[in-house]
Amino acid sequence: MTMRADHDLAFMLQYENVSWYEAGQVRILDRRVYPGRVEFVTCRSHQEVARALTDMVTQSTGPYTAAGMGMALAAWECRGKTAAEQMAYLRAAADTISNARPTTAGRMRLITGGCLAAAEQYLAEGKSDLPDLLREFTVQTNNRRYGKVAQIAKYLVDMFPDHGTVMTQCFAETIVGMMLRECRQRGKEIRIFCPETRPYFQGARLTATVCRDMGFDVTVITDNMPAYVMQREKVDVFTCAADAICCDGHVVNKIGTLQIGIAAKYMGIPMFVTGIPDVGHPDKDSVHIELRDPAFTLQAMGVQTAVEGVKGYYPAFDMTPPSLISGIVTDLGIYSPYDLHRYLAESDLGPYEMVI
């Protein structure tokens, strides 16, 4: 049996602990409360999977696994129908799941589109166990995706000095685990500073937990500390992933990335963004920045921090211009943010593999 690409990674990066379809339901690790509590949200319809995505039950690249598992669940819902009826149902499900979160809808359509193509092939071959086949398709897609990220990690870790200090932003999911696994395999020691990433605290709860679980020196800082920490603690590299990498070099990532990028540029610290360019985002104007419930900025983990009558404002992402970015780290190497069309010309990724 081929070794799965999630081997030797932290608990929350194992496929079953991200999202998993089994016997007519999908269970998703609730990252809103992890690691304080290890709880799973159980979805019994693809609409419930979409709602879980909208409600931020899973974040970072977790939704891409959940989308595939949600398509397996949709296949279970329409079992027994004709092939044509099943495909019509799956196309509607794909639309529902893909649009659960507007900023990443383009990438989600690539995931659900891959499932649709696979389902059409399976049905044409007369196969009846479509839900389990789509789960296995999602696992294999994850294996390829994790494998690509492992290659990205090799190029990224090349940029880390021995005994270096690395600052991250938000929760970069697979690349965090892969870069740490690569550091461990090379015997390269690093220490990591994680901004907390309010209001969901992904850096404090998720990134820091993965770093600790994998045996690395990790320190959590509040979101207003990065510039001071860069200066005081001699940070060598700032790295983040991206919710979208536009082909014009603009990077969309968790709110706060822009200000850290500005501080890094001022202090001469390189900023490396991991991922691949999004063919669905030719330029920055193609991105819709999600505005979420402003009430979330008036509380911290459910505890109200502002008095009644105070307004909140919650853009979920910001946009970092290419002028602040030292390089886009891809599976083919490190590219200038001004030269991303060359990656698309050189890459052999299929249309459903363009999600990292």
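**Helix H4 and the parallel strands S4, S5 and S6**

In helix H4, the buried residues are Gln86, Met87, Leu90, Ala93, Ala94, Ile97 and Ser98. They lie on the same side of H4, because the arc they cover around the axis is only 125°. An α-helix has 3.6 residues a turn, so residues three or four places apart point the same way. The structure described here is a predicted model.

The cover over the buried residues of H4 comes from several other helices, including H2 (46–54), H3 (62–77), H5 (105–124) and H6 (130–158). H4 itself runs over residues 83–98. At 1.5 Å a residue, its 16 residues should span 22 Å, and the C-alpha atoms at its ends are 22 Å apart, so the expected span and the model agree.

One of the helices that cover H4, helix H5, contains Gly114. Gly114 is buried, because its relative accessible area is 3%, and the cut-off for a buried residue is under 20%. Between Gly114 and Asp129 the separation is 15 residues in sequence, and their C-alpha atoms are 17 Å apart in space.

A second part of the model concerns strands. Strand S4 (residues 164–167) pairs with strand S5 in the parallel sense, over 4 bridges. In this pairing, Thr165 stands opposite Arg191 of S5. From S4 the chain passes through helix H7 (residues 174–186) to reach S5, and this β-α-β crossover is right-handed.

Strand S5 comprises residues 190–195 and also pairs with strand S6 (residues 217–221), again in the parallel sense, here over 5 bridges. Two positions illustrate the register between these strands. Phe193 stands opposite Thr219 in S6, and Cys194 has Val220 of S6 as its bridge partner. In a regular strand the side chains alternate between the two faces of the sheet. The connection from S5 to S6 involves helix H8 (residues 202–213), and S5, H8 and S6 together make a right-handed β-α-β unit.

S5 thus takes part in parallel pairing with S4 and with S6. Of the 6 residues of S5, 5 are buried, and the strand is mostly covered.

How values were computed: Residues are numbered from 1 along each chain as its sequence is written. This is a predicted model: local features need pLDDT of at least 70, side-chain atom pairs count only at pLDDT 80 or more; totals for chains, interfaces and linings use all residues. Side-chain values use heavy atoms; hydrogens and water are left out. The expected span of a helix is 1.5 Å times one less than its number of residues. Buried means under 20% relative accessible area, exposed over 50%, partly exposed in between (1.4 Å probe, protein chains only). The arc is that of the directions from the helix axis to the C-beta atoms. Contact means heavy atoms within 4.5 Å. Two strands pair if DSSP finds at least two bridges between them. A crossover is right-handed if, with the strands pointing away from the viewer, the path from the first strand over the helix to the second runs clockwise.
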